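Reader: Please take a close look at one part of this model, the open sheet. I would like the strands, their pairing and whatever packs on them, set against the chain as a whole.

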Amino acid sequence: MLSLLVALSAPSVRAQAMSPGLQDPAAIDRAVSAFTGQPIGVPGGAARPVDRRLRLAACAAPLALSWRGDARASILVECPDAGGWHIFVATALGDRQSSAGIVIERGQSVTVALTGDGFSVSQPAEALESGAVGAWIRVRTVAKSDPLQARVVRPGLVEVPVE
C-alpha cells in the first residue's frame, strides 16, 4: 500500500472522513500527539495533520505507533486489525534538521523514485520542502498534482517505498 500524507482542512472533506465505518483522522492526530508528547507543528510532533481525504477503515483495536528510522523523521501508524492499514506521519524536525545537513532545497528539481520489491519507477519532481538525507519531504510530480511524501535518499533523489 502506498502511504501518502497531505494536509487539507476543507470542511466538506472533513465531514466525509468521519462517516460510519471510517477511521476518524482527528483520532489519528490525537494518537500521534500522545505518542510524541508534542502537538502538531511543534518540533518532535507531527509536521501537519493527517490528510482528511484518507478513507481508512475504522480500527477496532488500539492504533499501534512506532518511530520509523533512527532520525525519527516519521511515525508509522498501524491498525493491527486483520487486513488493517498503515500510514506514515511526517514529523516536524525543527532544530534536529540543521541547514548543514540539507541536501535538497525547497523548489529544487529532483527525481522521485517509487520503489518496491524488485522494481523502481522514477520521474522528475519539484521539492516543496528542504530536507536532509533520511528526512520525509513533500514533492510534486506535475504542476497541479497532489504532493507526495518522499524520503530523501541523496542530493537530487527522493524515494516513495511501495509495499
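Author: Accessible areas here come from the Shrake-Rupley method with a 1.4 Å probe. By that method the chain, a predicted model, exposes about 8,400 Å². Carbon and sulfur atoms supply 54% of that area. The chain has 163 residues, and 40% of them count as buried.

Next, the layout. The chain holds two helices and ten strands. Both helices come before the strands: from the N terminus, the order is α-α-β-β-β-β-β-β-β-β-β-β. Among contacts with a separation of 6 or more, 50% are between residues 24 or more positions apart.

Now the sheet itself. Three strands form it, in the order E1-E2-E3. The sheet is open, and the pairing is antiparallel. Strand E1 spans 64-68 and strand E3 spans 86-90. These two are the edge strands, and each pairs on one side only. From one strand to the next, the twist averages 25°.

Look closer at the pairing of E1 with E2. Strand E2 covers residues 74-78. Five bridges join E1 to E2, and the two run antiparallel. One bridge can be named by residue: Trp-67 has Ile-75 in E2 as its partner.

A helix completes this part. Helix H2, residues 25-36, packs on the sheet. Helix H2 touches E1, E2 and E3. The direction of H2 makes about 60° with that of E1.

To sum up the part: an open antiparallel sheet ordered E1-E2-E3, with helix H2 packed on it.

How values were computed:
Residues are numbered from 1 along each chain as its sequence is written. This is a predicted model: local features need pLDDT of at least 70, side-chain atom pairs count only at pLDDT 80 or more; totals for chains, interfaces and linings use all residues. Side-chain values use heavy atoms; hydrogens and water are left out. Helices (H or I, at least four residues) and strands (E, at least two) are DSSP runs, numbered from the N terminus. Buried means under 20% relative accessible area, exposed over 50%, partly exposed in between (1.4 Å probe, protein chains only). Contact means heavy atoms within 4.5 Å. Two strands pair if DSSP finds at least two bridges between them. Axes are lines fitted to C-alpha atoms, for helices over the stretch in contact, and angles run from 0 to 180 degrees between N-to-C directions.
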